[in-house]
Amino acid sequence: MSQQTANDVKHRMLPSPAGRVHVVEQGEGPLVLLVHGFPESWYSWRHQLPALAAAGYRAAALDVRGYGRSSKPRATEAYRMRELVEDNAAVVQALGERSAVIVGHDWGATIAADSALLRPDVFHAVGLLSVPYTPPGGPMPSEVFAQMGATGGEEEFYVPYFQEPGRAEAEIEPDVRGWLAGFYAALSADTMPAAGSPDPHFVTRGGKLRDRFPTGGLPVWLTEADLDVYAAEFERTGLTGALNRYRNMDRDWADLAPFNGAPITQPSLFIGGALDASTTWLAAAIEAFPTTLPGLSSSHILENCGHWLQQEHPKRTNALLTTWLSTLPKP
């Protein structure tokens, strides 16, 4: 983010059910709420804030509870999806608005989708980046993820690894900056492991997730200064608040049971990366969009793009977002 852009943004601490939510705001016009994923912060929207502001929107990127400057409740169950949805609705109200477009990436995409599903009175359109919408329902998540590993049990999927309290923290927190650099590189188009290499989404039994991270330089989208911003936040806060999102997936499954199979009917947008596992593993969810997202305006897969798409391809992402936003009826 340039110095001029940095001077243009407003940092706010707004009341929410979590306590307070840190929001970074730029521009004037219809409100667009931006929700980040793991392991990121409001800063992952640094390229979108000025672009949306220039296009005539009031862009507001928040730190999800447990991240950055937002409140960090101690109880693990305080990070369930319903709580995060109410944080988002509270931010809209605290900004003096009645409704907003919500756009999310990674976990933020799921949070955005569930915000649109649970609070259609507040969120009149939804943009999903990287992770497609899958309606609530189906088998309990812990049962699904426990089965995702190599034959013989020699590998464990990263989600159960993250779900065990303290386990991932013990790996990450002694070297936050190095771990983040490896994790970002592992899921970026220009630095991800070559085809046929051990998959960085899995952990060898007795090993660590970082054992499979690439060891070369940073991905082209991530400068040393960018990495410093992310590392400084997690070095200050620790990782437990962020990881607690994974530790509530079964609670979410129970909480959202009344919405099992429910479509999102508001106008929607999806953008995925062609080299992102979220796009390839969830191809069936994308194919189901005519049923699950009947209000879908457009769906895009960005070539030569990994998981961090709004940072890997900011100009293309900004163009798709602003074009879609321009088609929405004014609230």
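Which backbone oxygen lies 2.9 Å from a polar atom of the side chain of Q266? The oxygen belongs to F123, and view 2 returns to this pair.

This is a predicted model, in which local features need pLDDT of at least 70, side-chain atom pairs count only at pLDDT 80 or more, and totals for chains, interfaces and linings use all residues. Residues are numbered from 1 along each chain as its sequence is written, and side-chain values use heavy atoms, with hydrogens and water left out.

**View 1. The whole protein, with 16 helices and ten strands.** Helices (H or I, at least four residues) and strands (E, at least two) are DSSP runs, numbered from the N terminus. The radius of gyration is 19 Å, close to the 20 Å that the globule rule gives for 331 residues, so the protein is as compact as a globular protein of that length. That radius is taken over C-alpha atoms, and the rule is 2.2 Å times the number of residues to the power 0.38. The C-alpha trace spans about 55 × 45 × 40 Å along its principal axes. Of the 331 residues, 54% are buried. Buried means under 20% relative accessible area, exposed over 50%, and partly exposed in between (1.4 Å probe, protein chains only). Contact means heavy atoms within 4.5 Å. Among contacts between residues at least 6 apart in sequence, 76% join residues at least 24 apart. The accessible surface comes to about 13400 Å², and carbon and sulfur atoms hold 52% of it. Such areas come from the Shrake-Rupley method with a 1.4 Å probe; for residues, only the protein chains shown count as cover.

**View 2. Q266, a buried residue in a loop.** The loop runs between α11 (249–255) and β9 (268–273). The relative accessible area of Q266 is 9%. The side chain of Q266 reaches two backbone oxygens: that of A116 at 2.9 Å, and that of F123, also at 2.9 Å. Both are polar contacts, meaning a pair of N or O atoms within 3.5 Å; within protein, one must be able to donate a hydrogen and the other to accept it, and residues adjacent in sequence count only if both atoms are side-chain atoms. Leaving aside neighbours within four places in sequence, Q266 is in contact with A116, P120, F123, H124, A125 and G295.

**View 3. H22 and its partner H11.** H22 sits in strand β2 (residues 19–26). Is H22 buried or exposed? H22 is buried, at a relative accessible area of 0%. The side chains of H22 and H11 make a polar contact at 2.9 Å. Beyond four places in sequence, the contacts of H22 include R12, M13, W42, D63 and R69.

**View 4. T322, in a helix that meets a distant stretch of the chain.** T322 belongs to helix α16 (residues 314–327). T322 and A55 are 267 residues apart along the chain, yet their C-alpha atoms are separated by 6.8 Å. T322 touches A51, L52 and A55, not counting residues up to four places away in sequence. Inside the helix range, a polar atom of the T322 side chain lies 2.9 Å from the backbone oxygen of N318.

**View 5. Backbone exceptions at P39, D106 and S130.** Most residues other than glycine have a negative phi, and most peptide bonds are trans. A cis peptide bond joins F38 and P39, with omega about -10°. P39 is found in the loop between β3 (31–35) and α2 (48–54). D106 has a positive phi, near 60°. This residue lies in the loop between β5 (100–105) and α4 (107–118). D106 counts as buried, at 11% relative accessibility. S130 also has a positive phi, near 80°. Its loop runs between β6 (123–129) and α5 (141–146). S130 is buried, with a relative accessible area of 0%.

**View 6. S299, a partly exposed residue in a strand.** S299 lies in β10 (residues 296–302). Its relative accessible area is 35%. Leaving aside neighbours within four places in sequence, S299 is in contact with F270, I286 and F289. How far apart in space are S299 and E169? They are 36 Å apart, C-alpha to C-alpha, and 130 residues apart in sequence.
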